[in-house]
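Thanks for making the time this morning. I would like to walk through one model with you, starting from its charged pairs and then moving to the strands, the nonpolar cores and one helix.

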Amino acid sequence: MIFLKTDDEIELLRKSNLLVGQTLAEIAKAVKPGVTTGELDKIADEFIRDHGAVPTFKGFPNPYGSPFPASICTSVNEQVVHGIPGDVVLKDGDIVSVDCGTYMNGFCGDSAYTFCVGEVAEDVRQLLKVTKEALYIGIETAVHGKRIGDIGYAIQQHCEAHSYGVVREFVGHGIGQDMHEDPQVPNYGRRGYGPVLKQGLCIAIEPMITLGDRHVVMEGDGWSVRTKDRKCAAHFEHTIAVTAGKADILSSFDFIEEVLGDNAI
């Protein structure tokens with residue numbers, strides 16, 4: 001069932017999503033060679049709780065019933081999504097996607113950003129650049145009266161024009177009082193197909209794009225997803241509200257990119 005949000009509910013969603021952006025900015029300050037993904041998780045957990053929210057990811061069950069053990073997902077290099085923070089030490093040249101969720105005032109926030117660690121190869125930086133572009137192209141398509149398939153089509157066309165793989169098995173989603181609501185929001189699709197976008201619909205759009213083949217495999221931990229060919233993957237995500245005009249982006253990369261400065265993608 002698809003729940004349309006009132007203006008007041010959208011403002012509560014905005015607060016939760018802006019906190020996600022601020023949390024990712026705190027992580028941006030710490031991303032460097034020698035830091036562990038577990039240390040990034042601790043920063044996020046403390047920052048979220050200090051601001052009166054709780055991390056929505058912690059304890060979230062997977063289809064096998066295993067609760068996610070951390071407050072953020074940290075997916076390094078060939079990991080696409082749902083990487084579990086721990087003892088992995090970030091190295092110069094790595095990339096790390098950090099996905100973060102908050103719950104505050106009854107509503108969820110959800111956003112992701114892929115960071116460069118030190119000096120990253122140019123072909124990988126280009127993957128990040130195109131994936132981020134695809135996110136905003138998808139958002140531009142999220143207009144009242146369009147359909148979910150229009151968003152996926154726009155993202156897919158942009159990424160495949162650069163010969164990148166578009167992951168099929170994991171998708172964006174509706175968001176509100178629950179982190180995952182209807183409808184699903186794939187990063188591929190056909191124009192004119194899928195649920196109609198209506199004013200008040202709030203969705204998380206999140207391209208997951210690979211440098212090589214689009215196929216992925218699940219790691220033995222039951223959470224971490226990586227590319228089958230072990231080539232790098234990028235992931236950027238915004239939560240948006242569909243309005244009568246252009247989409248209202250409820251999350252923000254501004255806090256992150258203020259920290260990154262000239263090093264921002």
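Let me begin with Lys-132, which is buried, its relative accessible area being 10%. Please keep in mind throughout that what you see is a predicted model.

What does Lys-132 form a salt bridge with? The partner is Glu-257, and the closest N and O atoms of the two are 2.4 Å apart. This pair links distant parts of the chain, since Lys-132 sits in helix α3, residues 122–141, while Glu-257 sits in helix α5, residues 254–260, with the two positions 125 residues apart in sequence. Glu-257, for its part, is partly exposed, at a relative accessible area of 23%. As general background, side chains of opposite charge can pair when their charged atoms come close.

There are other such pairs, and the count of salt bridges comes to twelve. One of them joins Lys-58 to Asp-45, with 3.8 Å between the closest N and O atoms. Because Lys-58 lies in the loop between β1 (54–55) and β2 (72–76), whereas Asp-45 belongs to helix α2 (residues 37–50), this pair ties together parts that are 13 residues apart in sequence. Lys-58 is partly exposed, with a relative accessible area of 41%, and Asp-45 is buried, with a value of 14%.

A further salt bridge brings together the side chains of Glu-219 and Arg-226, at 3.2 Å from N to O. Here Glu-219 is partly exposed, at 26% relative accessible area, while Arg-226 is buried, at 12%. Finally for the charges, Glu-11, Arg-14 and Asp-248 are linked in a network of salt bridges.

Let me turn to β2, where five of the five residues are buried. Ile-72, Thr-74 and Val-76 point one way from the strand, and Cys-73 and Ser-75 point the other way. That fits the general pattern, in which side chains of a regular strand alternate between the two faces of the sheet. β2 runs antiparallel to strand β4, residues 95–104, and five bridges join the two; within this pairing, Ile-72 stands opposite Cys-100 of β4.

Now to the nonpolar cores. The largest of them has 56 residues, and those touching the most other members are Ile-27, Phe-115, Ile-151 and Ile-205. Helix α3 gives the most to this core, with seven residues. If we leave aside neighbours within four places in sequence, Ile-27 is in contact with Leu-40, Ile-43, Ala-44, Ile-72, Val-98 and Phe-115. Apart from this core lies another, of 14 residues, among them Ile-10, Phe-57, Ala-70 and Leu-250.

I will finish with α2, the helix that carries Asp-45. How far should α2 span, at 1.5 Å a residue? Its 14 residues should cover 20 Å, and since the end C-alpha atoms are 20 Å apart, the model agrees with that expectation. The buried residues of α2 are Thr-37, Leu-40, Asp-41, Ala-44, Asp-45, Phe-47 and Ile-48, and what they pack against is α1 (7–30), β1, β2 and β4. In general, an α-helix has 3.6 residues a turn, so residues three or four places apart point the same way. Just after α2, Gly-52 takes a positive phi of about 80°.

Key
Residues are numbered from 1 along each chain as its sequence is written. This is a predicted model: local features need pLDDT of at least 70, side-chain atom pairs count only at pLDDT 80 or more; totals for chains, interfaces and linings use all residues. Side-chain values use heavy atoms; hydrogens and water are left out. A salt bridge is a side-chain nitrogen of Lys or Arg within 4 Å of a carboxyl oxygen of Asp or Glu. Helices (H or I, at least four residues) and strands (E, at least two) are DSSP runs, numbered from the N terminus. Buried means under 20% relative accessible area, exposed over 50%, partly exposed in between (1.4 Å probe, protein chains only). Two strands pair if DSSP finds at least two bridges between them. A nonpolar core is a set of buried Ala, Val, Leu, Ile, Met, Phe, Trp, Tyr and Cys residues joined through side-chain atoms within 4.5 Å. Contact means heavy atoms within 4.5 Å. The expected span of a helix is 1.5 Å times one less than its number of residues.
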